[in-house]
Structures are given as C-alpha cells and as structure tokens.
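Grab a coffee and work through these exercises with the structure open beside you. Try each task before reading its solution.

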There are 4 protein chains.
Amino acid sequence: MKIRIAILGARGYTARQLIELLLRHPGVEITCLSTRDSDRPPLAEVHPVFAGRLDLRLENSTPDSVADQADCVFSCLPHAASAAFVAQLLDRGLRVVDFSADYRLTDPDVYQTWYGVAHPDPDRLATAVYGLPELFRESIRTTQLVANPGCYPTSAILGLAPLLQAGCIAADGLVIDSKSGVSGAGRNPKPNLHFPECNESVAAYSIGSHRHMPEVDQLLSRVAGQTIEVIFTPHLIPMDRGILTTTYGTASDSCSPDQCMDRMKDFYSGEPFVRVVDKPPTTKQVLGTNYCDIYTTWVRGKIVVVTVIDNLIKGASGAAVQNFNIMYGFDETTALL
Amino acid sequence: MKIRIAILGARGYTARQLIELLLRHPGVEITCLSTRDSDRPPLAEVHPVFAGRLDLRLENSTPDSVADQADCVFSCLPHAASAAFVAQLLDRGLRVVDFSADYRLTDPDVYQTWYGVAHPDPDRLATAVYGLPELFRESIRTTQLVANPGCYPTSAILGLAPLLQAGCIAADGLVIDSKSGVSGAGRNPKPNLHFPECNESVAAYSIGSHRHMPEVDQLLSRVAGQTIEVIFTPHLIPMDRGILTTTYGTASDSCSPDQCMDRMKDFYSGEPFVRVVDKPPTTKQVLGTNYCDIYTTWVRGKIVVVTVIDNLIKGASGAAVQNFNIMYGFDETTALL
Amino acid sequence: MKIRIAILGARGYTARQLIELLLRHPGVEITCLSTRDSDRPPLAEVHPVFAGRLDLRLENSTPDSVADQADCVFSCLPHAASAAFVAQLLDRGLRVVDFSADYRLTDPDVYQTWYGVAHPDPDRLATAVYGLPELFRESIRTTQLVANPGCYPTSAILGLAPLLQAGCIAADGLVIDSKSGVSGAGRNPKPNLHFPECNESVAAYSIGSHRHMPEVDQLLSRVAGQTIEVIFTPHLIPMDRGILTTTYGTASDSCSPDQCMDRMKDFYSGEPFVRVVDKPPTTKQVLGTNYCDIYTTWVRGKIVVVTVIDNLIKGASGAAVQNFNIMYGFDETTALL
Amino acid sequence: MKIRIAILGARGYTARQLIELLLRHPGVEITCLSTRDSDRPPLAEVHPVFAGRLDLRLENSTPDSVADQADCVFSCLPHAASAAFVAQLLDRGLRVVDFSADYRLTDPDVYQTWYGVAHPDPDRLATAVYGLPELFRESIRTTQLVANPGCYPTSAILGLAPLLQAGCIAADGLVIDSKSGVSGAGRNPKPNLHFPECNESVAAYSIGSHRHMPEVDQLLSRVAGQTIEVIFTPHLIPMDRGILTTTYGTASDSCSPDQCMDRMKDFYSGEPFVRVVDKPPTTKQVLGTNYCDIYTTWVRGKIVVVTVIDNLIKGASGAAVQNFNIMYGFDETTALL
C-alpha cells in the first residue's frame with residue numbers, strides 16, 4: 001500500500017526536484033500536483049523533463065480535494081500562503097512537510113517582524129518539528145508537521161551545531177558567509193536573476209537582513225543553550241545549484257584543533273548524509289546528492305568551518321524526503337542514494 | 001617621444017590585459033614582449049585577440065636586450081624569477097612595475113616563510129614602493145620600482161584602510177572572505193581549473209594559508225600603526241573575472257554607522273578609481289574597468305565592508321598602468337577610462 | 001567642436017555598450033539619453049558601471065528636445081517605435097544610426113509580413129543605407145540614415161558575401177547555423193532567459209522563422225545578383241556575449257579550396273575589422289572587440305565558413321560607431337581599438 | 001545473485017557517471033575499479049562524490065584479476081588500449097560493454113585511417129553489436145560484446161534514422177551541426193579546456209575531421225541501404241553536459257512535414273528513452289536523464305531535426321546501462337529513471 005503524495009506549489013524548482021526524487025521512491029505514489037493558478041497544465045508542459053514519466057495535470061486544488069487524494073503533503077507554497085493551506089490539511093488529519101518558513105520560527109512575533117505579516121496559524125508553532133534529522137530525528141518520527149529547514153540555515157547549522165554544543169566555539173560574533181547558486185532564488189524571472197545580469201558576476205545581498213538569519217539564531221541558540229545572534233551575509237554565485245557556507249567563530253581556550261575535528265566526526269558518526277572531510281570541499285562534490293560535506297580548520301584563533309550542500313536537495317527537497325522517510329518508517333536513505 | 005615598454009612573461013592573462021590597455025595609451029610604445037620559453041611565437045598566436053593589432057614576436061630576452069629596447073618594464077613573471085630578472089634591469093637604470101610578490105613584503109624572512117625560497121634581491125625591499133595609489137601616490141611618483149599589489153590584497157586593503165586609520169573598526173579578529181573568478185589562478189591548465197571541475201562549483205581553498213595573507217597583514221598594520229593579523233579565506237567562483245571581498249570587523253564604540261560611511265567617502269574623495277556606493281555592489285558593475293566599488297554597513301555591532309574589482313584590471317594590469325601614469329606624469333586615468 | 005550625441009532607448013545592453021565606446025571617442029559629447037519611461041533616473045542607477053563617469057539623467061525626450069541637444073542620434077528603440085521617432089528626427093535634419101530593424105528591409109511588405117505591423121515610415125526605406133561598411137562604405141559616408149545591421153546577419157553576411165560574389169558557392173540551399181550569447185535577447189527578464197533556465201543549456205529557437213532571416217536573404221541576394229533564400233537556425237548559448245555562425249553551402253565546380261581562401265583574404269584586404277584566420281576561431285578571441293574573424297574550409301564538397309563576432313560590438317554598437325566614424329569623417333577605428 | 005561488475009578506466013567522467021547509475025541498480029555489485037596507473041587510490045579520492053558510498057580502491061588490474069572478480073565489464077579506456085584489454089576479457093568468457101571507439105567501425109581500414117593505429121583485434125569487429133537499442137535491440141540481447149555508441153553519433157543517428165529509413169530525407173548533403181558541453185572532452189586538463197579559455201566562448205573544432213564522422217556515415221549508410229557521407233561540425237559550448245545536434249537535409253518530394261513527424265513518432269513508439277516533442281528542445285530538459293528528445297520541422301524544403309541528450313548518460317553511461325539491462329534481461333529502464 002503506497003503512501004499517496006500531494007505536492008502544493010508544483011511549478012517551482014523545489015517541486016521539480018521533489019518529483020524527481022519521489023519518482024524513485026518505491027513506497028509512494030504522487031497523486032496530486034497543485035498550483036494556485038487555474039490553467040491546469042500537464043506536468044510535462046511545466047517541467048518538460050517529466051514528459052512520459054508522470055501523466056498528471058496541475059490542479060487548482062482545495063484542501064478537501066487534496067485530502068481526498070493524498071495521505072501526506074509537501075507544500076512548496078510561499079510563506080503565509082503555505083500555512084493558510086497547510087492548517088486546513090492538518091485539520092483534516094494529513095501529515096505535512098512544509099518547505100516554507102511558516103512553521104520554522106517558534107515565536108509568532110519574530111515571524112511578523114521578519115516576514116511582515118501576522119502568522120496565519122500561530123497556535124501550531126509549538127507543535128511543528130524543525131526538520132533537521134541530524135538534530136531532531138526522534139521528534140520527526142511522530143510529528144504530524146515538519147517545518148523543512150531553509151537552505152542557508154541547513155548549511156550553517158550543520159557546521160556550527162557540534163562545536164557550539166561542545167563549547168569549542170564562542171557563541172558571540174559568529175560570522176556566516178554563504179555563497180549560493182541562483183536556483184535558490186526561485187523560478188520567477190527578476191531583473192537581477194536575468195542571465196546577462198547575474199552570469200559572470202558575484203553579488204552580496206540582504207546583508208544582515210536576510211530572513212534566514214533569525215532562523216539560524218533560533219536554532220543555534222537552542223543548541224547552545226544561550227542566545228545567539230549571528231552575522232549573516234548571503235552571496236549570489238553564477239551557477240545553478242549549490243551552497244558553500246564559510247563560518248568564522250572564536251575558538252574557546254578549552255578546545256584544540258584536533259578536538260574540534262574529533263568532535264565533528266563523533267557528532268556525525270552514523271549519519272547517512274553528513275560527511276566530515278579532510279580537504280576543503282567544493283559544492284560540486286555534493287551536486288545532485290543529499291550530502292552535506294563539512295570541513296573545519298583553525299586560523300589564528302578562529303575556527304573556520306566550510307560546509308557544502310546542493311541547495312535543492314539537502315537544502316530543500318532531499319531533506320524533505322529524508323524527513324518523510326523518517327515519518328513513515330522507510331529506510332532513511334530511500335530514494336536519496 | 002613615447003615611453004618604450006617591455007613586458008616580461010607575456011603569455012599570461014595579466015600580460016594580455018596589460019597589452020590591451022597599453023594599446024590605448026597615447027604615450028607608450030610596446031617594443032618588447034619577453035618569455036622564458038625559446039619558441040619565439042608571434043603575439044597573435046599566443047593571444048589571438050591581438051591579430052592585426054600588434055605585430056611582435058615573443059622573445060627570450062636578456063636583461064641587456066630589454067635594456068636596449070625599453071625605458072620601462074612591466075614584469076609578469078612568477079615570484080623569484082621576477083626579482084632575479086628585475087634586479088638586473090634596475091641595475092641598468094630602467095624603471096619597473098613588478099606584478100609578482102617579490103617586492104611587496106618588506107621583510108625577507110616573511111618572504112622566505114611564505115614563498116619557500118630565499119629572496120633573490122633582499123636589499124631592494126626597502127626601496128620598492130607598494131603600488132596602491134590611494135595610499136602611496138606620492139612615493140610612486142618618484143620610485144624606480146613599484147611592487148604592484150596582489151589582487152586579493154587590493155580588494156581587502158581598499159575596504160579596510162579608511163576604517164582602520166580612523167579607528168572605526170577593531171584591529172583584531174578581522175575576517176576577510178574573498179570570492180574570485182578563475183583567471184586569477186593563471187593560464188596554466190590544472191586539474192582543479194579544468195572547466196568541468198570548477199564550472200558550476202564554488203570552492204574554498206588555502207584557508208589561512210594563502211600567500212596574500214601576510215601582504216594584507218603588512219599593509220593594514222602599516223595603516224593602523226599596530227600589528228594586524230587577518231583571517232583570510234579565498235574562494236574560487238565559476239566566472240572568468242572579478243573579485244568580491246566581504247570583510248567583517250568589530251565596530252569601535254567611538255564610531256557610528258553614518259560616521260563610518262562618511263569616513264569612507266572622505267577618504268576616497270577625489271580618487272579617480274574608487275567609488276563608494278550605497279547598494280551592495282556586484283563584480284559585474286566593475287567588469288572591464290579599473291574601478292573598485294566599496295559598500296559598507298553595520299550588522300549587530302560588526303562592520304561589514306564589501307568591495308568589488310576586476311581582478312585583471314584594478315587587481316593587476318589596470319593598477320599597473322595607473323602606477324605607470326603616476327611615475328611618468330601622465331594623467332592618472334590615461335588608457336583606463 | 002564635438003559632435004553632440006543623443007541615444008534613444010538608453011536602458012538596454014546595446015545602449016550601455018554604445019556609451020562605453022563613445023566615452024572613449026575624442027570627437028563626441030553625449031548630451032542626451034532618452035527613455036520611453038517617465039522616471040528620469042540617473043544613468044548610474046540604470047547602468048552602475050557609469051557611476052562617476054557620465055553625469056546625465058535619462059529623459060523622456062521629444063523629437064524637438066533631442067533636436068535641440070544633438071547633432072547625431074543613435075536609436076536603440078525597438079522596431080516600429082524606432083522609425084516613428086526617427087522619422088521626426090530626420091525631418092529636423094539630424095543624422096541617425098538606427099539599431100532597430102526598421103530601415104533594414106527595403107520592401108515594406110516584407111517588413112509587415114515579418115514584423116506584423118505596417119511600416120511607420122515606408123517612403124524612407126529607399127534612402128536608408130545598410131550599415132555594413134565592408135559592403136557599403138561609400139554610401140554610408142554621405143547618408144543621413146544608417147540602418148545598423150542585425151547581429152546574426154552581420155555574422156552570416158560577412159562570411160558568405162565574398163564567396164557568393166565570386167561564384168565559389170551555390171546560391172541555393174545555404175544553411176546558416178548560429179550560436180549566440182544571451183545578451184542578444186535584450187535586458188527584459190523572461191522565463192527562458194532566467195539564469196537557472198538558460199544556464200548549462202543550449203536551445204534552438206525560431207527555426208526558419210527568425211526575423212533576421214529575410215534580412216540575410218535580402219542582403220545576400222543583392223550581393224549575389226539573384227534571389228537567395230537561406231535556412232537559418234539560431235541557438236541560445238549559456239554565455240553573455242558572442243556569436244559564432246557556421247554556414248554550409250555547396251562548392252561550385254569552378255572553385256578550389258585555395259581559391260576560396262584567397263578570395264576571402266582579397267575581399268577583406270585592408271578592412272580594419274575583419275580578420276581572415278587560419279584556425280577555427282572562438283568567440284572569445286573577439287570578445288570586447290569590433291572584429292569579425294572568419295575561417296573557411298571544405299568538407300566533402302561543401303564549403304564551411306565559421307565567423308565570430310561580439311554581438312554587442314561588431315554585432316551592434318561597435319558597428320554603429322564604425323558607421324558614425326565614416327559618416328563624420330573620423331578615422332574609422334576611432335574609439336574601437 | 002547479483003551480476004558482478006568491473007569498470008576499466010575508472011578515473012574519468014563516464015566512469016563516474018556509470019558508477020552513479022550502477023549504485024542505483026538492484027541487480028549488480030561493483031566489484032572492481034581498474035586504472036592504468038599504479039597508485040591504488042581510494043575511489044573517494046578520485047571522485048569525492050562517492051565518499052561513504054562505495055568503499056573500493058582503484059586497482060591496476062590484469063585481465064585475469066578482472067576475470068576473477070567480475071561477470072560483466074564496462075571499459076572506459078581510450079581507443080586501442082581498450083580493445084587490447086577487452087580482447088583478453090572476451091577470451092576469458094566475460095561480457096563487455098566497450099565505451100571506446102574500438103568495436104564501432106566494422107572496417108579495420110577505416111579504423112586505421114581515422115584512429116591512426118592498426119586495429120588491435122580486427123577479427124572481432126564482425127561480432128560486436130553497435131549498442132543503440134532503438135536500432136539493434138535484438139542483437140544486443142545475446143551478444144558478448146557491445147560497442148557503446150559515441151555521444152555525437154547517438155544524437156545524430158537517432159534524429160536521422162527514421163527519416164532516412166522512410167525515404168523522407170535525401171541521403172546526400174546531410175549537414176550535422178553539434179553543440180556539446182565540455183565534459184565530452186574528458187577529464188585531462190588541456191589549454192583549450194582551461195576554464196578561462198572555454199568559459200564565455202563557443203568554438204568550432206575538427207570541422208569535417210572528427211572521428212565520430214565515419215561512425216555516423218557507417219550507421220546511417222546501414223539504415224538507408226546506401227552510402228552516406230555526412231558533413232559534421234562539432235562545437236564546444238561553455239557548459240558541463242549536454243549535446244544539442246541540429247541536422248539539415250533535403251526533403252524528398254514524396255514526403256510532407258506531417259508525414260515526417262508521424263514517421264518519427266511511429267518509429268519511436270514504445271521506446272522508453274526517446275521522446276518526440278512538439279517544441280524545439282533544450283539540453284536542460286534531458287540533463288541528468290537517459291532521454292533523447294527529438295524535434296523536427298521543415299524550412300524552405302529542408303528538414304531540420306533537433307535532438308538533445310545528456311552526453312554522459314544517453315551519450316555514454318546511461319546507454320551502457322540500458323545495453324547491460326538488455327543483455328542480462330533486466331527491465332530496460334532499471335537504474336535509469
């Protein structure tokens with residue numbers, strides 16, 4: 001008996017990557033692809049790569065129609081729109097993996113500050129589980145609602161959590177400098193994402209004002225047991241996919257470089273999708289995979305951690321499938337290797 | 001009477017860019033292109049872009065032959081090889097702009113530590129002028145020997161010098177995170193620079209061990225009047241040209257964000273090739289130009305400075321021509337606008 | 001006394017490249033930048049590369065205001081809009097280089113068929129000169145109105161004209177297969193030009209239906225003295241700039257490969273911006289230049305010609321400046337080397 | 001009981017892609033990775049993407065050691081080296097899929113002409129099966145030796161075979177203009193494949209002299225039942241993967257555009273990896289897949305066919321796995337969807 005899957009917001013890149021992965025999953029059947037538009041295009045028109053592989057149309061579904069067709073829903077809708085829809089699915093008993101930011105922040109005031117709207121479903125913030133299996137696997141198993149992490153936060157948190165938890169790195173003054181491929185900015189054409197604008201160019205943007213910053217703050221604070229406020233700068237890189245995040249923090253006196261590396265390896269021992277590597281990694285070595293590769297070194301009293309992920313897989317759809325596998329008792333690597 | 005120019009190491013990308021610029025310079029004549037190989041190829045075979053524009057062969061020149069043909073020499077030779085040749089040119093009375101690192105570091109021991117060889121010409125280290133016009137214009141005018149700055153150091157020093165000099169930013173714990181196009185790595189094929197390896201990929205490399213780190217240390221220390229040791233991480237970006245450098249430092253209590261910006265604007269007031277901009281810049285907005293665009297903001301007590309340059313122009317050949325113009329009394333912007 | 005220049009449609013890539021070139025031209029002054037929008041932005045906001053270099057705002061100019069400010073006008077407006085404006089400038093006695101297709105086709109019916117609108121100024125079609133100096137230099141000198149050639153036609157016509165004129169190649173069945181960088185498609189964001197769509201991808205488009213096809217037909221027919229109908233396929237290549245055009249035609253019995261090459265060299269002997277090369281060229285060897293490099297070989301009775309240009313320079317703004325130089329008696333290479 | 005697999009020449013890109021695919025194949029076990037070097041590196045050192053996924057070293061294997069470890073061998077060795085090794089494996093009873101050109105051409109003289117060496121194993125040329133399932137599926141089932149097709153030939157033959165077989169297109173004067181990503185040129189660094197050389201550039205190369213030309217000739221001649229000599233020009237495109245091939249041929253009088261399209265659809269009806277599409281395709285729509293998408297149209301009496309493949313999958317390793325599946329009775333799409 002296969003799990004029936006619905007995908008909301010099926011036009012975008014994360015949905016495309018999700019379908020790609022789920023088509024390899026022996027335990028699921030995609031039964032519903034939803035869009036907020038009313039044109040009902042065949043999937044192959046929206047994503048030509050699926051011609052001949054999945055014969056579905058995108059539908060302008062209602063919560064009821066989704067509930068009729070699916071057991072589990074992946075929402076790739078934008079923030080606010082997502083929670084408004086997802087809340088109704090949860091009321092109908094479905095399980096949900098939400099790609100939007102709506103259920104990531106636990107404090108609705110912080111949400112309102114950073115996203116500019118009142119939270120559509122504040123009461124559920126306490127029950128959602130942040131979908132980073134490396135930190136919250138047990139809670140993911142049984143939850144009805146997973147808040148799938150942001151791409152930048154995944155790359156930053158996986159690199160810093162082990163060192164913060166062990167007290168190897170100071171909690172204040174953490175600098176997170178991320179470099180992302182353009183697919184992270186979504187599929188809607190914009191002037192700064194027009195090929196001749198961003199090709200052959202690097203840009204810093206949203207310096208200290210990116211919405212993923214409070215998400216990293218919250219998670220690292222939770223890990224460290226104290227309030228953490230990071231300095232975060234994202235950069236746009238002329239490539240399709242991949243995030244490389246370089247973090248800088250002050251090494252604590254009680255920790256040596258070797259202990260740092262050991263700590264990292266211990267923390268991720270047994271993890272199926274984190275590899276602690278002994279050379280600075282490239283995004284290409286994780287391209288198309290669900291891996292996060294992590295490297296760490298010391299420079300003049302600072303710990304430098306470099307992580308790489310494929311932003312559409314470990315940073316979005318792969319993580320979602322990993323969470324799904326945990327929720328439904330599949331082998332965690334199913335459809336991901 | 002035109003200044004006769006020789007270029008040593010004429011096969012590489014900086015030499016190509018230099019020729020491109022000098023062909024637009026009304027006050028010079030390129031008379032000698034030198035290479036360490038013995039094959040004497042026509043320039044158009046080495047750099048097809050010059051077919052029909054400059055009818056010279058590359059020659060395996062000696063110091064004597066160069067001295068016969070040229071008044072001023074640009075050396076694009078690698079470190080150690082450059083000083084060995086340049087020393088002989090200086091002995092013959094020529095003026096030199098040296099692109100290599102040989103005359104940048106004032107301490108021969110530091111040179112030996114980072115470059116792994118004894119300095120070939122240590123006695124001249126005290127007389128060379130570091131060719132950053134924004135800091136050392138007056139000394140450049142009269143020197144026989146300019147040490148043309150490294151590309152990364154240019155991008156870092158121009159961003160930090162005004163703030164350090166004014167005491168706006170703390171001298172310790174400065175983080176310099178640079179992103180460079182691949183031309184910065186030179187023209188020799190290497191596995192990691194093979195197109196399918198570095199395309200669609202970002203890589204950090206030489207973390208805390210890049211040879212430009214002591215160069216930045218030395219210059220910033222001089223500006224700040226105290227010892228500075230920076231944390232420097234370069235990254236390789238899948239594009240031909242451009243460096244974007246993001247620096248992070250602790251804001252001093254005596255300084256406000258507005259003062260910071262004012263300071264930056266005052267410092268570069270009247271500079272022909274530095275623009276203080278009010279939005280985070282992209283490398284593309286300086287592509288093909290000799291400009292360095294600088295942006296600065298505050299995030300949670302840290303000053304974040306972003307600079308962009310074209311690594312082959314302001315980071316190498318454009319800076320060299322700017323230095324040349326100063327040395328010979330041309331308008332500083334000649335051939336650069 | 002400098003020629004005063006106005007540029008219509010100053011927001012786009014061809015206008016940006018044109019300004020870049022004209023800033024190096026000692027005989028001109030840019031006095032007016034016009035846009036069809038009403039927001040009057042400073043040039044540096046529209047094209048950040050010009051910050052500190054040209055202190056003008058874009059204006060929503062009228063024909064009268066342009067006539068007050070300028071002697072010569074470059075129109076980068078889209079087809080139909082261009083002729084509507086240009087006609088009024090010509091009435092006021094200005095000289096014009098028109099980048100649009102409006103004055104390229106001599107037959108208004110052909111124009112209407114391919115562009116879908118009645119020609120706004122059909123009576124002047126007979127007086128406009130097609131701005132390919134290699135073919136029509138003398139007419140360009142004295143004309144009031146130059147129709148600047150399309151980028152694809154330039155690359156195709158320069159490769160085929162010498163062979164057609166000499167009868168080396170058959171007039172029927174000519175295949176023109178072009179590969180262009182994305183800047184050729186303009187600056188307006190579109191789904192297929194969104195970075196993650198066209199990066200890492202090649203696409204054929206408008207096969208046999210591209211508007212440059214009748215332009216090539218007309219010019220080659222004129223050169224050959226008989227009706228020519230080409231088969232033309234353009235392709236979109238993941239790079240900013242450059243066109244490489246590969247043409248295939250049947251070799252005539254009366255011609256040998258060597259004669260073919262000789263013919264090509266003779267035809268372009270003395271031309272400042274066409275180089276006949278002896279190895280298949282790359283677009284990079286003409287990047288940023290006004291050159292067209294041409295290579296030709298024989299394969300199994302077919303003549304294969306490969307040409308490369310920078311689509312924004314020899315394919316647009318460089319050609320326009322070359323035409324301007326001819327019209328006003330400047331050295332033809334002024335601002336172009 | 002899993003089929004034991006050896007891969008010869010495991011350092012390259014086709015081997016990497018092959019391993020990627022085979023790791024998803026439930027019916028195989030990779031038991032041997034061979035290299036001609038003697039350094040025995042772990043796979044993860046050669047291809048970091050496989051860290052933690054396949055714990056093997058590359059070995060300098062002999063035919064005997066391969067025969068001990070494997071049932072079926074994929075050879076990614078270069079031409080000549082491949083047949084020399086493969087012949088010994090065939091003698092030992094193993095089945096082989098050979099990626100090199102060694103067993104593709106049936107005539108050893110043609111091989112010697114184009115590859116410059118005497119064929120190492122001429123007697124087996126008659127028994128090898130050309131591994132294009134769409135044409136030779138039945139022979140593949142039972143053969144001991146599959147000659148895996150070249151990437152360009154796959155893209156050209158799949159587009160032309162249906163039309164030639166049906167007599168819709170003339171057999172003479174066929175023009176094949178191909179555009180390929182850089183991975184097709186292999187993993188060894190070369191000057192023209194150095195990132196700053198081929199990035200932002202298109203190049204034509206080996207015009208009329210590429211070794212895939214006689215391969216296309218041979219296969220199309222066989223399909224058409226008459227001697228065919230094509231005109232073939234490959235181009236290098238600044239992207240990792242993908243081939244788009246545009247072919248031009250004269251339409252026969254007996255055929256209409258609609259019949260042409262019908263013929264194409266009929267021919268590939270039921271084929272799992274060929275899709276006849278109704279819009280010009282992009283290489284991106286088949287990126288990472290084993291599909292060949294085909295589009296055809298008529299322009300002024302010429303039939304234009306456009307095909308797209310991922311050169312490393314349908315053009316190499318995917319085709320090899322498809323052939324393997326046929327040889328061993330697996331579902332043909334196993335590990336390929």
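## Exercise 1: the interface of chains B and A

In this predicted model, chain B and chain A bury about 3400 Å² between them, with 62% of that on carbon and sulfur atoms.

**Task.** Work out which residues and elements of chain B build its contact with chain A, and how many salt bridges join the two chains.

**Solution.**

Step 1. Start with the head count: 42 residues from chain B and 42 residues from chain A take part in the contact.

Step 2. Next, look for the residues of chain B that lose the most area to chain A. These are B:E200, B:V202 and B:R300, which together make up 21% of what that side buries.

Step 3. Now go through the polar side of things. There are six salt bridges between chain B and chain A. One to look up is A:R300 with B:D217, where the closest N and O atoms sit 2.7 Å apart. Across this interface, 26 residue pairs are in polar contact, with both partners at pLDDT 80 or more.

Step 4. Finish with the elements. Several parts of chain B each supply at least two residues to the side that touches chain A, among them β8 (175-180), α9 (212-224), β13 (292-299) and β14 (302-309). The largest share, four residues, comes from β8(B).

## Exercise 2: how chains B and A are related

**Task.** Find the operation that superposes chain B on chain A, then find which C-alpha of chain B is nearest the axis.

**Solution.**

Step 1. Superpose chain B on chain A: a rotation of 180° with 0.0 Å of shift along its axis does it, at an RMSD of 0.0 Å.

Step 2. Look along chain B for the C-alpha nearest that axis. You'll land on B:P238, 3.3 Å from the axis.

Step 3. Compare the contact residues of the two copies. The same surface serves both, since 100% of the contact residues of chain B recur in chain A.

## Exercise 3: the interface of chains D and B

**Task.** Describe the contact of chain D with chain B, from buried area to salt bridges, and say how the two copies are related.

**Solution.**

Step 1. Begin with the area: about 1600 Å² is buried between chain D and chain B, and carbon and sulfur atoms give 58% of it. The contact takes 20 residues from chain D and 20 residues from chain B.

Step 2. Pick out the residues of chain D that lose the most area to chain B. D:H194, D:F195 and D:D240 together account for 41% of what that side buries.

Step 3. Check the charged pairs. Two salt bridges link chain D and chain B, and one of them pairs the side chains of D:E197 and B:R187 at 3.2 Å, N to O. The polar contacts come to ten residue pairs, both partners at pLDDT 80 or more.

Step 4. Ask which element gives the largest share of the side of chain D that touches chain B. That's helix α8 (residues 195-198) of chain D, with four residues.

Step 5. Lay chain D on chain B: a turn of 180° and a shift of 0.0 Å along the axis gives an RMSD of 0.0 Å. The two copies are therefore related as by a two-fold rotation axis. As for the contact surface, 100% of the contact residues of chain D recur in chain B, so the same surface serves both copies.

## Exercise 4: the surroundings of C:R187

**Task.** Place C:R187 in its chain and list what its side chain reaches.

**Solution.**

Step 1. Locate the residue: C:R187 is in the loop between β8 (175-180) and α8 (195-198) of chain C.

Step 2. Is C:R187 buried or partly exposed? With a relative accessibility of 25%, C:R187 counts as partly exposed.

Step 3. List the contacts beyond four places in sequence. They include A:H194 and A:E197 from chain A, plus C:R11, C:G12 and C:Y13 from chain C. C:R11 is 176 residues away along the chain, yet its C-alpha is 8.2 Å from that of C:R187.

Step 4. Zoom in on the side chain of C:R187. One of its polar atoms lies 2.8 Å from the backbone oxygen of C:R11, and the side chain also reaches the backbone oxygen of C:V46 at 3.1 Å.

## Exercise 5: the cysteines

**Task.** Count the disulfides and check A:C72.

**Solution.**

Step 1. Over all chains, the count comes to zero disulfides.

Step 2. A:C72 is in no disulfide, and the nearest cysteine sulfur, that of A:C76, is 12 Å away.

Step 3. Check the burial too: A:C72 is buried, at 0% relative accessible area, and A:C255 also counts as buried, at 9%.

Conventions: Residues numbered from 1 in each chain as written. Chains lettered and ligands numbered in written order. Predicted model: local features only at pLDDT ≥ 70, side-chain atom pairs only at ≥ 80, totals over all residues. Heavy atoms only, no water. Least-squares fit on C-alpha atoms with pLDDT ≥ 70 in both. Contact = heavy atoms within 4.5 Å. Disulfide = S-S within 2.5 Å. Buried < 20%, exposed > 50% of the residue type's maximum accessible area, 1.4 Å probe, protein only. Buried area = accessible area lost by both parts, 1.4 Å probe. Salt bridge = Lys/Arg side-chain N within 4 Å of Asp/Glu carboxyl O. Polar contact = N/O pair within 3.5 Å; in protein donor to acceptor, adjacent residues only side chain to side chain.
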